[in-house]
Amino acid sequence: MLFRKKIILGVTASIAAYKSALLARLLVKAGAEVKVIMTHSAQEFITPLTLSTLSRNPVYSNFTTGSQGEWINHVELGLWADALVIAPTSANTLANSANGICNNLLQAVYLSARCPVFFAPAMDVDMWHHPSTQNNIKRLEQYGNHILHPQSGELASGLVGEGRMLEPEDIVKKLEHFFAIEKQLKHLNILITAGPTQEKIDDVRYISNHSSGKMGYAIADELANRGAKVTIVSGPVNIKPSNTSIHVVNVISAAQMREEVKARFSDCNIALLVAAVADYKPLQSVAGKIKKSDANLQLDLVQTDDILAEIASTKKDNQIVGGFALEMENAKENAQTKLTNKKLDFIVLNELSNENDVFGNEFNKISILNKKLHWESFEKKSKFDVASDIADFINNIVKNV
Ligand code: CTP
């Protein structure tokens with residue numbers, strides 16, 4: 001999978017820099033063409049000579065080279081690469097990258113690169129858990145970068161905890177997996193709904209819910225990263241997809257979401273409705289603002305149309321429709337009833353509990369039921385990893401259709 005892949009290996013100042021030698025060797029052994037960029041401080045941990053020998057290419061650190069001060073074209077380097085892997089990534093490089101700071105060649109290449117970027121952080125446990133580091137990680141993920149999460153173990157400081165760089169063999173496996181699935185879902189047209197809907201009470205008030213849209217957007221990104229053409233019909237959220245190929249159609253209410261989904265459904269191979277659509281809306285929405293009075297206010301609510309049930313009832317044999325179920329009690333039983341009643345190909349179950357507070361959080365724990373009524377359960381994971389499990393599941397169905 002790495003044969004002839006062009007990889008820039010960024011090496012920054014961390015004691016784990018010695019492992020970048022093994023990583024360079026493994027990448028070259030797997031057939032990749034490797035060019036190394038080191039920060040100046042990284043050279044206090046490992047020599048450029050070691051890395052140039054193992055990568056079979058000159059090592060870059062400066063914007064210029066040679067006696068004539070020839071310019072190293074960072075834009076060209078960024079465009080050359082099929083992947084940029086920064087291993088180890090120090091806390092400093094992580095912070096610079098998250099904030100667009102360009103104070104060395106590696107940062108300039110990172111900002112210029114159009115290829116996927118992988119960060120393999122390595123630092124002490126408290127540095128890793130510091131809120132600023134964690135915020136930087138979140139931000140880098142939101143920009144569409146891949147984080148190769150550090151492992152737990154003994155650290156250079158003698159402390160034990162999270163912060164050890166992922167082992168070079170595991171980094172190579174992750175890269176191989178990435179390139180194996182890169183075009184896995186090309187030719188597929190996938191429709192996703194995400195976020196909440198807002199149902200107007202009057203011109204200033206509405207009924208809605210706490211959905212952040214993170215799960216739906218993470219799924220959309222993962223599917224697009226695997227080559228699918230993805231459209232998100234999205235309720236009001238504060239996020240954007242990282243993959244710029246995704247087409248976002250913004251809506252406010254359940255009725256608008258229904259219109260936009262129906263208009264696009266016949267053209268899609270797969271529809272996965274993740275949105276937390278309001279089940280009820282006010283019978284009438286009042287023009288202007290309802291004035292406060294001494295009497296109680298009665299709101300008549302009527303059901304919204306069930307978009308998922310509606311499209312699933314019209315689907316063709318070669319279309320796949322999946323839904324989400326958010327359940328607190330009798331979770332699996334209720335999810336199965338939804339799958340059967342709505343005639344779905346699969347349903348993703350979120351069990352809402354104190355341990356799995358789905359709304360607005362970065363983590364989620366899911367199980368998936370297929371139409372043969374077989375359950376697959378997953379560990380609690382980041383929404384990005386959950387999205388990857390769902391994409392694997394979709395790929396398996398597509399392969400077997
Ligand atoms: N859904 C929809 N249109 C609606 C309501 C829900 O498309 N008007 C979709 C959601 O996007 C999700 C699934 O249906 O994929 C959720 O089913 P639903 O029956 O609404 O279950 P819950 O919202 O989980 O809640 P409840 O148990 O109250 O039915």
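Student: At 65% relative accessibility, how does Arg4 count, buried or exposed?
Tutor: Quick caveat: this is a predicted model, where local features need pLDDT of at least 70 and side-chain atom pairs pLDDT 80 or more, while totals for chains, interfaces and linings use all residues. Residues are numbered from 1 along each chain as its sequence is written, and side-chain values use heavy atoms, with hydrogens and water left out. The scale runs from buried (under 20% relative accessible area) through partly exposed to exposed (over 50%), using a 1.4 Å probe and protein chains only. At 65% relative accessibility, Arg4 counts as exposed.

Student: What is the phi of Arg4?
Tutor: Arg4 sits in the segment before strand 1 (6-11); helices (H or I, at least four residues) and strands (E, at least two) are DSSP runs numbered from the N terminus. Arg4 is not a glycine, yet its phi is positive, at about 65°.

Student: Which residue in the loop between strand 22 and strand 23 lies there with a positive phi?
Tutor: The loop in question runs between strand 22 (366-370) and strand 23 (375-377). Phi there is near 65°, in a residue other than glycine. With 40% relative accessibility it counts as partly exposed, and the residue is Leu373.

Student: Which residue does a cis peptide bond join to Ala87?
Tutor: Omega for that bond is about 0°. The partner is found in strand 6 (residues 83-89), and it is Pro88.

Student: Lys35 is buried, so to speak, without a partner: how far away is the nearest side chain of opposite charge?
Tutor: Lys35 is found in strand 2 (residues 33-38). Leaving aside neighbours within four places in sequence, Lys35 is in contact (heavy atoms within 4.5 Å) with Ile7, Ile8, Leu9, Asn57, Tyr60, Leu77 and Trp80. For charge, Lys and Arg count as positive and Asp and Glu as negative, with His and the chain ends not counted, and a salt bridge needs a side-chain nitrogen of Lys or Arg within 4 Å of a carboxyl oxygen of Asp or Glu. Lys35 has no salt bridge, and the nearest opposite charge, on Glu33, is at 5.0 Å.

Student: How many salt bridges does the structure hold?
Tutor: Side chains of opposite charge can pair when their charged atoms come close. Applying the cut-off to the model, the count is 18.

Student: Which residue forms a salt bridge with Asp392?
Tutor: The closest N and O atoms in this pair are 2.8 Å apart. It links distant parts of the chain, 166 residues apart: Asp392 is in helix 13 (residues 383-400), and its partner is in the loop between helix 9 (214-225) and strand 14 (229-234). Asp392 counts as partly exposed at 28% relative accessibility, whereas the partner is buried at 1%. That partner is Arg226.

Student: Why does the salt bridge of Asp305 and Arg258 tie together separate parts, and how many residues apart are they in sequence?
Tutor: The two side chains meet at 3.6 Å, N to O. Asp305 lies in the loop between strand 18 and helix 11 (307-313), while Arg258 is in helix 10 (residues 254-265), so the pair ties together parts whose separation in sequence is 47 residues.

Student: Which residues do salt bridges with shared partners join into one network with Arg258 and Asp305?
Tutor: Arg258 is buried at 19% relative accessible area, and Asp305 is partly exposed at 45%. Arg258 also forms a salt bridge with Glu259, the closest N and O atoms being 3.5 Å apart. Besides Arg258 and Asp305, the network joins Glu259, Lys262 and Glu310.

Student: How far from Cys102 is the nearest cysteine sulfur?
Tutor: A disulfide here is a pair of cysteine sulfur atoms within 2.5 Å, and the count by this rule comes to 0. Cys102 is in no disulfide, and the nearest cysteine sulfur, that of Cys115, lies at 15 Å.

Student: What accessible area do Tyr280, Leu297, Leu299 and Leu301 have together?
Tutor: These residues form a nonpolar surface patch; patches take residues with over 30% relative accessible area and no salt bridge, joining like charges within 9 Å and nonpolar side chains (Val, Leu, Ile, Met, Phe, Trp, Tyr) within 5 Å. Leu297, in the loop between strand 17 (280-282) and strand 18 (301-303), is exposed at 59%. Areas come from the Shrake-Rupley method with a 1.4 Å probe, and for residues only the protein chains shown count as cover. Together the patch has about 390 Å².
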